[in-house]
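Reader: I am new to this structure and would like to learn how to read it. Could you take me through it one feature at a time?

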Amino acid sequence: MAELDPVIHAQARLRIMAALATREVGESVAFPRLQELLAMTAGNLSTHLRKLEDADYVEVAKTFSGRTPVTYLSLTRTGRRAFEDYMDSLRSLLGQ
């Protein structure tokens, strides 16, 4: 039986990975936009992003727009592959 990646399998992290996987390779999303899309608090989103970043699934880029700090998020190549593997494992478990 296929195993599901425990880093991705947590509900909040699965939602984050799915949202980022809809972006083109190399495309990023601003932290506030992702927070809005997922209806998560900043603290909760940050905690789960840290776990995904530690696994090298998500890249966090901090920059400035004028004097305002902006954080952009995107899937790494490893993260995109891990998400695809997760989806394949899920399909296998469901018998498809």
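Reader: Let me start with two helices. At what angle do the axes of helix 2 and helix 5 cross?

Author: Happy to help, and please keep in mind that this is a predicted model. Two packed helices are described by the angle between their axes and the distance between the axes. Here, helix 2 (residues 11-21) and helix 5 (residues 77-94) cross at roughly 110 degrees, and their axes come within 11 Å.

Reader: What does that angle say about how helix 2 and helix 5 are placed to each other?

Author: Angles of 65 to 115 degrees count as roughly perpendicular. Helix 2 and helix 5 are therefore roughly perpendicular to each other. Their crossing also has a hand, and for this pair it is left-handed.

Reader: Which residues meet where helix 2 and helix 5 come together?

Author: From helix 2 come Leu14, Met17, Ala18, Leu20 and Ala21, and from helix 5 come Gly79, Arg80, Phe83 and Tyr86. Sorted by class, this contact of helix 2 with helix 5 has seven nonpolar residues, one polar and one charged.

Reader: Can we look at one of these residues? What does Leu14 touch, not counting residues up to four places away in sequence?

Author: Leu14, which is found in helix 2, touches Ile8, Phe83 and Tyr86 when those sequence neighbours are not counted. Take Leu14 and Phe83 as an example: they are 69 residues apart in sequence, and their C-alpha atoms are 8.6 Å apart in space. As for its surface, Leu14 has a relative accessible area of 25%, so it is partly exposed.

Reader: Let me try another pair of helices. How far apart are the axes of helix 3 and helix 4?

Author: The axes of helix 3 (residues 31-38) and helix 4 are 10 Å apart, and the two helices pack at an angle of about 105 degrees. Helix 3 and helix 4 are therefore roughly perpendicular to each other. Helix 3 brings Phe31, Leu34, Gln35 and Leu38 to the contact, while helix 4 brings Ala42, Leu45, Ser46 and Leu49. By class, the contact of helix 3 with helix 4 has six nonpolar residues, two polar and no charged.

Reader: While we are in helix 4, is His48 buried or exposed?

Author: A residue is called buried when its relative accessible area is under 20%. His48, found in helix 4, has a relative accessible area of 15% and so is buried. Leaving aside neighbours within four places in sequence, His48 is in contact with Ala12, Arg13, Ile16 and Met40.

Reader: Now the strands, please. In what order do the three strands of the open sheet lie?

Author: In a regular strand the side chains alternate between the two faces of the sheet. In this model the order of the three strands is 1-3-2, with antiparallel pairing. Strand 1 (29-30) and strand 2 are at the edges with a single partner strand each, so one side of each has no neighbour in the sheet.

Reader: How many bridges join strand 2 to strand 3?

Author: Eight bridges join strand 2 to strand 3 (residues 68-75), and these two strands run antiparallel. One of the pairs to look for is Ser65 with its bridge partner Thr68 in strand 3. Helix 2 packs on the sheet, where it touches strand 1, strand 2 and strand 3, and its direction makes about 90 degrees with that of strand 3. Strand 1 is joined to strand 3 by two bridges, again antiparallel, and Val29 stands opposite Leu73 in strand 3.

Reader: What about the backbone between the strands: which residue takes a positive phi in the hairpin of strand 2 and strand 3?

Author: That is Gly66, with a positive phi near 70 degrees, in a hairpin that has two residues between the strands. Elsewhere, Ala39 has a positive phi of about 50 degrees although it is not a glycine. Ala39 sits in the loop between helix 3 and helix 4, and it is exposed, with a relative accessible area of 69%.

Reader: Where is Asp56 found?

Author: Look in the loop between helix 4 and strand 2. Asp56 has a positive phi of about 65 degrees, although it is not a glycine. With a relative accessible area of 41%, Asp56 is partly exposed. Ala55 lies in the loop between helix 4 (42-54) and strand 2 (58-65), and at 25% relative accessibility Ala55 counts as partly exposed. Ala55 and Gly79 are 24 residues apart in sequence, with 8.2 Å between their C-alpha atoms.

Terms used:
Residues are numbered from 1 along each chain as its sequence is written. This is a predicted model: local features need pLDDT of at least 70, side-chain atom pairs count only at pLDDT 80 or more; totals for chains, interfaces and linings use all residues. Side-chain values use heavy atoms; hydrogens and water are left out. Axes are lines fitted to C-alpha atoms, for helices over the stretch in contact, and angles run from 0 to 180 degrees between N-to-C directions. Helices (H or I, at least four residues) and strands (E, at least two) are DSSP runs, numbered from the N terminus. Angles under 35 degrees count as roughly parallel, over 145 as roughly antiparallel, 65 to 115 as roughly perpendicular and the rest as oblique. A crossing is left-handed if the near helix is turned anticlockwise from the far one by less than a right angle, and right-handed if clockwise. Contact means heavy atoms within 4.5 Å. Ala, Val, Leu, Ile, Met, Phe, Trp, Tyr, Cys and Pro count as nonpolar, Asp, Glu, Lys and Arg as charged, and the others, Gly among them, as polar. Buried means under 20% relative accessible area, exposed over 50%, partly exposed in between (1.4 Å probe, protein chains only). Two strands pair if DSSP finds at least two bridges between them.
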